[in-house]
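Good morning, colleagues. I should like to speak about the enclosed spaces inside one protein chain. Please look at the sequence and the structure as they appear.

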Amino acid sequence: MSDTNPSPRPLAPGTEVLLALGGGSARGMSHIGVIRALEEAGLVIRGVAGTSIGAVVGGVYCAGKLDAYEEFMSAMDKRGVVRMLDPVLPRGGLFAGKRLTDLMKSFVGEVLIEDLGVPFSAVAVDVSGGEEVRLTSGRLTRAMRASFGIPGLFTPYALDVAGEQRWLVDGGVASPVPVGAARALGDYPIVAVNVNRVFPEAAIVPSPKSNGAGRRERLAAFLDSDRLPDSAREFLRGVFANSKGDDSPGDADGKEDGDSSSASLLQRLGLFSASASPSRPGMVDSLYNSVVLLQHHLARSQFEAEPPALLVEPNMEGVGLFDYHLGAALVAEGQRATREALGSA
């Protein structure tokens, strides 16, 4: 299959569509831009299937909390990303994922998937048998957590599925862009989003130093606003209490607090794209880049078998596993790629 868009027909304003949002960790912030551009073009989203970060963004969207989530993520810096991680070595993965689950819960609450206004499916994989598991009922936050469990990075997640406890990992292992799961949600054209396409050059170039003070002020103002659910405001104030909001692993006086020590360790592991030389990637960079390549090729094969009505592929080349501090640029690239795919760029 070529890398050109396989769209067999244009999607006119008013067309009802289903979304298949692929996995890709921080790259998945571009899904927000895709959704914005589709709505801008007058398309009506009738269901969402998501893998990994696609399940997170898709679930937040279906719960009606995307605006607040986008604003929060756009105010994040590297220190904020580190505060969302909870190392648990050696327990089947680098991170437990509980803080991220609590973050999701603070935005969407205890809502059940079956009670969402828009049909939703989160894709995970049974770690023992390799079976794709489509989560279409039960607590939304649990489905999100099961879907984003990247093997080796996050611990597998135990979830009751049809009366049986199963250990689940990231859905990208079997379905990096869940076109099949989306198709099961209804008889509408499918818009698929692949954030792992390989590009010759990067579209997003991280600045050597982001404006930590500006982000800190913006985040503080956001936490004091009424645009957050009360539960999210309380949770985030606790997480970011005494946060300096800068990007450096150490304090100004050269000392390191607990979060700074974690940041230093995680940066040495290569969690951020700018943390390692391209000629010598860190441990996690090496693992993640390999996963990206595998998922890219698997996605191409899936599109051959189940071509979507529209394929959107933002240029996420060079964006690292936890480069969420690039949030605004990632969203913008998602919008650009979608407009281009729709023929309205």
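**Surface and internal cavities**

The accessible surface of the chain comes to about 14,200 Å², by the Shrake-Rupley method with a 1.4 Å probe; carbon and sulfur atoms hold 52% of that surface. This is a predicted model, in which local features need pLDDT of at least 70, side-chain atom pairs count only at pLDDT 80 or more, and totals for chains, interfaces and linings use all residues. Residues are numbered from 1 along each chain as its sequence is written, and side-chain values use heavy atoms, with hydrogens and water left out.

Of the 345 residues, 55% count as buried, that is, under 20% relative accessible area with a 1.4 Å probe, protein chains only.

How many cavities of 30 Å³ or more does a search of the whole structure find? There are 2, a cavity being a set of points on a 1 Å grid over the protein atoms alone where a 1.4 Å probe fits but cannot get out, with lining residues having an atom within 4 Å of a point.

The largest cavity holds about 250 Å³ of space. Its lining has 18 residues, with Ile 53, Tyr 69, Leu 100, Phe 322 and Tyr 324 nearest the centre. That lining comprises 16 nonpolar residues, 2 polar and no charged.

The second largest cavity holds about 70 Å³. Among the residues lining the second largest cavity are Ser 52, Asp 170 and Tyr 288. Here the division is 4 nonpolar, 6 polar and 1 charged.

Technical notes:
Buried < 20%, exposed > 50% of the residue type's maximum accessible area, 1.4 Å probe, protein only. 1 Å grid on protein atoms, 1.4 Å probe; cavity = no way out; pocket = protein on both sides within 12 Å on 5 of 7 lines; lining within 4 Å. Points joined across faces, edges and corners; volume = space filled by probe spheres on them. Nonpolar A, V, L, I, M, F, W, Y, C, P; charged D, E, K, R; others polar.
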